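Morning, everyone. Let me put the model up, and then we can walk through it.

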Number of protein chains: 6
Amino acid sequence: MSEFRHMMPAGKALFKDRHTTKANDLLQSYTSGMENEFGMAGVPLSKPSISHSGASFAPSAIREALKSFTTYSGEEGMDLTERIIDFGDIYMSPTDIIGNQERIVEGLTDVFATKAAKNWLVLGGDHSISYSSIKAFAGGKKVGVIQFDAHHDLRNTEDGGPTNGTPFRRLLEDNIIKGEHLSQIGIRDFTNAAAYDRYASEQGVTVYTMADVDRLTITKILDEEIQRLAEITDVIYLSVDMDVLDQAFAPGCPAIGPGGMDSKTLLKGILFASHYEKIQAMDIVEIDPSIDFRNMTSRLAAYVILQFMKGKKNR
Amino acid sequence: MSEFRHMMPAGKALFKDRHTTKANDLLQSYTSGMENEFGMAGVPLSKPSISHSGASFAPSAIREALKSFTTYSGEEGMDLTERIIDFGDIYMSPTDIIGNQERIVEGLTDVFATKAAKNWLVLGGDHSISYSSIKAFAGGKKVGVIQFDAHHDLRNTEDGGPTNGTPFRRLLEDNIIKGEHLSQIGIRDFTNAAAYDRYASEQGVTVYTMADVDRLTITKILDEEIQRLAEITDVIYLSVDMDVLDQAFAPGCPAIGPGGMDSKTLLKGILFASHYEKIQAMDIVEIDPSIDFRNMTSRLAAYVILQFMKGKKNR
Amino acid sequence: MSEFRHMMPAGKALFKDRHTTKANDLLQSYTSGMENEFGMAGVPLSKPSISHSGASFAPSAIREALKSFTTYSGEEGMDLTERIIDFGDIYMSPTDIIGNQERIVEGLTDVFATKAAKNWLVLGGDHSISYSSIKAFAGGKKVGVIQFDAHHDLRNTEDGGPTNGTPFRRLLEDNIIKGEHLSQIGIRDFTNAAAYDRYASEQGVTVYTMADVDRLTITKILDEEIQRLAEITDVIYLSVDMDVLDQAFAPGCPAIGPGGMDSKTLLKGILFASHYEKIQAMDIVEIDPSIDFRNMTSRLAAYVILQFMKGKKNR
Amino acid sequence: MSEFRHMMPAGKALFKDRHTTKANDLLQSYTSGMENEFGMAGVPLSKPSISHSGASFAPSAIREALKSFTTYSGEEGMDLTERIIDFGDIYMSPTDIIGNQERIVEGLTDVFATKAAKNWLVLGGDHSISYSSIKAFAGGKKVGVIQFDAHHDLRNTEDGGPTNGTPFRRLLEDNIIKGEHLSQIGIRDFTNAAAYDRYASEQGVTVYTMADVDRLTITKILDEEIQRLAEITDVIYLSVDMDVLDQAFAPGCPAIGPGGMDSKTLLKGILFASHYEKIQAMDIVEIDPSIDFRNMTSRLAAYVILQFMKGKKNR
Amino acid sequence: MSEFRHMMPAGKALFKDRHTTKANDLLQSYTSGMENEFGMAGVPLSKPSISHSGASFAPSAIREALKSFTTYSGEEGMDLTERIIDFGDIYMSPTDIIGNQERIVEGLTDVFATKAAKNWLVLGGDHSISYSSIKAFAGGKKVGVIQFDAHHDLRNTEDGGPTNGTPFRRLLEDNIIKGEHLSQIGIRDFTNAAAYDRYASEQGVTVYTMADVDRLTITKILDEEIQRLAEITDVIYLSVDMDVLDQAFAPGCPAIGPGGMDSKTLLKGILFASHYEKIQAMDIVEIDPSIDFRNMTSRLAAYVILQFMKGKKNR
Amino acid sequence: MSEFRHMMPAGKALFKDRHTTKANDLLQSYTSGMENEFGMAGVPLSKPSISHSGASFAPSAIREALKSFTTYSGEEGMDLTERIIDFGDIYMSPTDIIGNQERIVEGLTDVFATKAAKNWLVLGGDHSISYSSIKAFAGGKKVGVIQFDAHHDLRNTEDGGPTNGTPFRRLLEDNIIKGEHLSQIGIRDFTNAAAYDRYASEQGVTVYTMADVDRLTITKILDEEIQRLAEITDVIYLSVDMDVLDQAFAPGCPAIGPGGMDSKTLLKGILFASHYEKIQAMDIVEIDPSIDFRNMTSRLAAYVILQFMKGKKNR
Ligand SMILES: [Ca+2]
Ligand SMILES: [Ca+2]
Ligand SMILES: [Ca+2]
Ligand SMILES: [Ca+2]
Ligand SMILES: [Ca+2]
Ligand SMILES: [Ca+2]
Ligand SMILES: [Ca+2]
Ligand SMILES: [Ca+2]
Ligand SMILES: [Ca+2]
Ligand SMILES: [Ca+2]
Ligand SMILES: [Ca+2]
Ligand SMILES: [Ca+2]
């Protein structure tokens, strides 16, 4: 477009500071042979949700929110310079929910198979996508899972099928992970049924309630769990359901409520966890940008990604 | 409706997990002779408010918010199983405010007289309803009142009559309670007049400011006050004005502002207080669902109720 | 509740004028053997939608909107007094979309089989539900369909399956109706593909564009079409996609746009059509209450129902 | 403030075009002895409303909306130059509704008694204020009333007292006006009870439904009614309930609905009516700015005032 | 991305109907030598506005709104197939408003100089951009301008400089057009100052008020004006200020108000006008997407563009 | 207005408690010779902002928010009684941004020159106004600046001119302050560019990140910085960019994000700092009331002012 004075591509006629790199500038569409520290894929699926959810808008909203951040951490005095290889989003049929869930497994299997990245970022979507993502991520490996969530997500699947209330039940039932490989952090009162707490217990799932988080601190818990999982698994996957946060900090989750984590605790936890080499993937789920306030929850998700990247770099 | 395949009553064709009891499932409309741990009545009155208020919508909004919670506390490993006997709402005339306030006294007197419940939950409405509710609750008994509030609510009644700024002044002036029977927690700077702070003093009302709460902790304050009141009164009533909370945690109160309590402090306080047997009633007031964000404040009110119930059960 | 002064059932402590009957008072839950002029069923399904849609909330929103109207038509000097037998809503699985579409056929087949009502009101949901509803309604009969819509809804089903863009294509392909039995009114420019206009033509579907409506008037068109269909079918079904209306009049449809019908034209058309005895069913679809302004579109849907009832009574 | 460069009074540092007079510049606070063409008073009362209403905010919102208009009518090639003497608003007690209604009578009686203006503009508030305003306006005179409204407002007062559904019933019952002195225009289907239509009939009230308006045109109706009323009354008062308009044109009325008047019809009617000398007062009621979209309804109210003034000037 | 199953570029994993062409598919970024029927450029400038305006977001919002439309006109039985060459947006400095206005002239001069398109679409921005756009468009030619607007936009520039209230004044003062070359349609009462109506007169500007439009019809006016201008100018430019529309139809304009045009009238006018060969450019201005309701006003703008294209094709 | 019963000035017919002084009652328009503890000026400029900003509405919104507070601090047992002399707002041209910035210097220079107040409150506007304000405040004096901000605001001015990203760069480059005179508190990760952190370092600016604030406490930091600055400067100016706060506490800032300060920390810091005599001015910037939730951020700004006043009184 250089032949015209002052013309810029549509939508780009924005202020640009020559010394500032925006976090979204790190995104780079995948082309064959590419390799880098981070890989990303979007999974815009929320029709499996029990309640009305527009979490399918979140992959775009989170990528967009990266524009609100720079690559520079003053706390660490370092710039994030590694590119995030963006593999795009997985195609979703409007009416074939089960097929969509299978396509996520297939698509992410292909993506992970490239080994193009050392660490993977998966953008949901509702929490049902973590079943597919973790299944694809596991391949034949033993995967440990650290789940930040107000809910167990261990519901029976007879009532409603593979909803966003079931991913970890299905991972256990399908032997993709074992109970002892799953650690749930931030589980909240009056937000789960007794039956599923019992089920978690029976399966050997480790559960830290919000009171545990407040009492033990997030870093203590993560330190213990990551070390425990590191010994019994090949690799660890973080599954971040944003509703682990209190409604005041994540107003855009479908299942908001009080009594949750504040955002600094989550951010500190992600930074802490990502220092561990065995942690090689993270998904972020349950953000519905269509009901959020000023994309606060997507902004927070973008910050979660940056903390993860900072931790990896700083390792 | 069983003769038709797949038909459900209107509005109920929702997902149902067979193992989950929703908190609103505990509500049970009163029929004669019924007895249980908890009783509930709604008081949908907010026309006495000084400012424009839709707090009359709160009884419905809070009952609705109970649908967002289950009955299970993982922290305590116990299920709330006692029913809440729901006596319904008190009829409100559109134009007869004073009559409405008298009808609340009459209606709640009849409700409390059933002795159907050990503990009572009263859903406002604006704070003016606490005058009527406490008057009905007192009957001939000596009632201690612990008021969570940013405001004294001790205004003179010549300027505007029995508004939501006056309930505790009127209780004192009408000798329904004595000053020493009233404990105010969370009183905030630049939110009250000097004259009413002085009046509280003169009347022997105990006042804990937000700075006191931050310095002493909510449990310390409640421990001291409940013990003090327990000695001089027959029974204690909690009056929870949600605007005791900081605006970030209770965005749906008419009189929002900064500098208030966070929601965890309130929830901890309610749980702590409800362990005491003398605490036998709680009202929740000053939520305007029509200006809230995603019913956050009603959700929090529902959680307050569940904490109260948990404390009672766990006693 | 009569033993307590002033107590009303929860949520009912509202103003009541003794001389006024609200339109929702006409709703009466079905019990065996009941018969009346009108029957109603809700179909809260919108997951088949191509775009994000909360049309599943519409059955409740429309029933609620009936509370904003009375039963009295001053224009005709008559009161609607016939009850609407409400069969409730059809159960929807969160994850089994195709199964839901089959369950709608089964459920409505059972409902229609009661012959409890002379005229039927079906509340969607997105437009995909009309396939199931018309299939159930047809039984063995020849059904004429008058579709108010900005869109043909004749998309191929390979791209996305049985979405809300396909109901009439599927009805034709499954031989439930013939092309000459379908009349589309309000089809709009730049809102459809050439291929589907051609398909309509080839199938013998009658199409009236918005320019036709403006030029010929709605009553002229309806008069002609109803007479034509009456001769070749046993019964006529109105399918009212609210997006036939201009966005200024129906702000709560997922696919809003300019260049559509104004609300008076639609209301006049419904009244006119309902005078014909062969018109015995109407569905109302494509209202998403979660994105509407002050439930305007659901209010309009309620008015559409009342016009239909007025026409039937006045016949 | 002239000693400081560039300083303006707080809130006034706005763009000012030297050649443009804003409509609100015509407002002039009353001081003794003042006389002019127009007088204005605000009546910020909406607590008598049957439904939750913030119409008490409308007097301020309408005055504010006058800032969006100039004084110049290009259609007539004339500038409005007469001042509107602003008598301010009537004080409202938060809890004494009946007293407020009496104070409106007293306050407006004093205002009208000044004879400072030839024509009066009264800004509600809900429609209950028209009782007080017309009572004050009548003094001993015979007043004709032309009411633009979707509703009769002839409810019995036993159910709820002097609400916004009763002003014209009360005027009739208190013999302030006679049935034949009242003309209702825009009465809508399914918006009133049969009993009140009958009551209107029995009292000799003239009723024009929306279908009448569409069929006869607003100017025909007004011409007939004004001439009829002019013969039997001393003076005529317009009472403009903005919900006479369709919801698409007046989204900020508490009782919005479809099937109403469009805004051009109302504006044309007001202009037409105001040419008649006997028309000497107008109230505008039932705007709730707190639920409006971008103050559209208050902007329209401001335009109604300007049409009234244009008609008077152009007389 | 074809090496991965189901992966699509980020943000594109959407439903795609193989037979449907979306209107935005017609957009094609300019590359050297390209030629087609239509050219487009965005001018994201709204800081010159007198009131707070986010009209700088409109070029993106309008392009985005084109996604809501197809290319097919059923009314005409034809598909729009010509590409719109998109030259992108003009760079805007955050602080140099006057420089921005000059850069628009330079950028558009370069764009128009390509002669790549027969007809030009310029997307504002506030109305101040029309000065620059028309200046660039004129080059040495005599340009006729048909302005759809509620306002004259002939303010003096001493009060506030080259704001959105001044573009046509500046065109006249700078001799870029003559008064007789300017035709203003839809000018509204109480929306302009007498001084500027007088100025229009003195300059020989033709003015059609809203009453004129209602009385004469838009096609009559356009027919007359286009023929008149065609004789005295080389080429005609349409400048469409969306606030010519009534607030009910264009809720997203900064200066909304009642008494304006309905959207069908505007759409009909644009279609009619675009049949004339001398009409070779159109701008659309004064849409602020940040205050609109569901992008209604941008959707309407997209429809205006499509009507223009339809008229050109159908010529 | 005393000659009329119940009439109050327009907009003032509100509840008034005779014993309560509202914080806005302390505002007093300046007249010559006036002297008091506090002076205030509004600077309604936000067009220099890099992103779309309505911060120009903040001076009015903050003054309005003072109405939500009283003058009484129960924590200190004292009433604020000193008046705030309000010098009004500085006139802003719609199109001359640079001129506006110069006019701010001139206007505030004249205001400060009165020496009418001991302490000054400047209400922005975006942060660009702090350049002008500090320049005017400095006169010939050495000014220390304590900046609460998530951002350095040290951008180069070639990219975009004197935006809200540049005020402190420009103060340094123009030698109005030296690097060692500037202390930045609350600087956040991923919110700044490395180049500007480096620039801060090179210039000798002191930087406290959010992690520093969390680790050291706000009072420790302020104590150290104020003492340091007190020794090398004549007077200290607080510049409070509200986006130093976490998005949960200041939802109305243009550049919201997570990871920031909570409101209690800011309020404590302001109270602490204002005890120091050398602190004699404070600005509050970057609040956009048009995108806030219920004016929360302006309410917080009002509380910041009151804390400042409390600290000064309590000194
Ligand atoms: Ca989950
Ligand atoms: Ca969850
Ligand atoms: Ca209170
Ligand atoms: Ca309070
Ligand atoms: Ca359809
Ligand atoms: Ca449609
Ligand atoms: Ca009325
Ligand atoms: Ca009415
Ligand atoms: Ca214009
Ligand atoms: Ca305009
Ligand atoms: Ca800043
Ligand atoms: Ca900042």
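I'll take one metal site, then two interfaces.

Some ground rules: this is a predicted model, where local features need pLDDT of at least 70 and side-chain atom pairs count only at pLDDT 80 or more, while totals for chains, interfaces and linings use all residues. Residues are numbered from 1 along each chain as its sequence is written, chains are lettered from A and ligands numbered from 1 in the order in which they are written, and side-chain values use heavy atoms, leaving out hydrogens and water.

Metal first. Which protein donors hold the calcium ion, ligand 10? They are E:Asp149 (OD), E:His151 (ND1), E:Asp241 (OD) and E:Asp243 (OD), with E:Asp243 listed twice. They lie 2.2 to 2.4 Å from the ion. A donor here is an N, O or S atom within 2.8 Å of the metal, or 3.2 Å for Na, K and Ca; water is not among the atoms, so sites may look incomplete. The sequence spacing of the donor residues is D-x1-H-x89-D-x1-D. There is a neighbour: the calcium ion that is ligand 9 sits 3.1 Å from ligand 10, and E:Asp149 coordinates both. E:Asp241 and E:Asp243 are buried (under 20% relative accessible area; exposed is over 50%, partly exposed in between; 1.4 Å probe, protein chains only).

Next, chain A against chain E. Here 35 residues of chain A are in contact with 35 of chain E, contact being heavy atoms within 4.5 Å. The two chains bury about 2,900 Å², 63% of it on carbon and sulfur atoms. That area is the accessible area (1.4 Å probe) that two parts lose on being put together, summed over both. How many salt bridges are there between chain A and chain E? Two. A salt bridge is a side-chain nitrogen of Lys or Arg within 4 Å of a carboxyl oxygen of Asp or Glu. E:Arg5 forms one with A:Asp110, closest N and O atoms 2.8 Å apart.

Last, chain B against chain A. Now 30 residues of chain B are in contact with 36 of chain A. About 2,800 Å² is buried, 55% of it on carbon and sulfur atoms. B:Phe15, B:Tyr72 and B:Arg294 supply 24% of the area that chain B buries against chain A, more than any other three residues. The rule finds five salt bridges across this interface. A:Asp189 forms a salt bridge with B:Lys310, closest N and O atoms 2.6 Å apart.

That's the tour.
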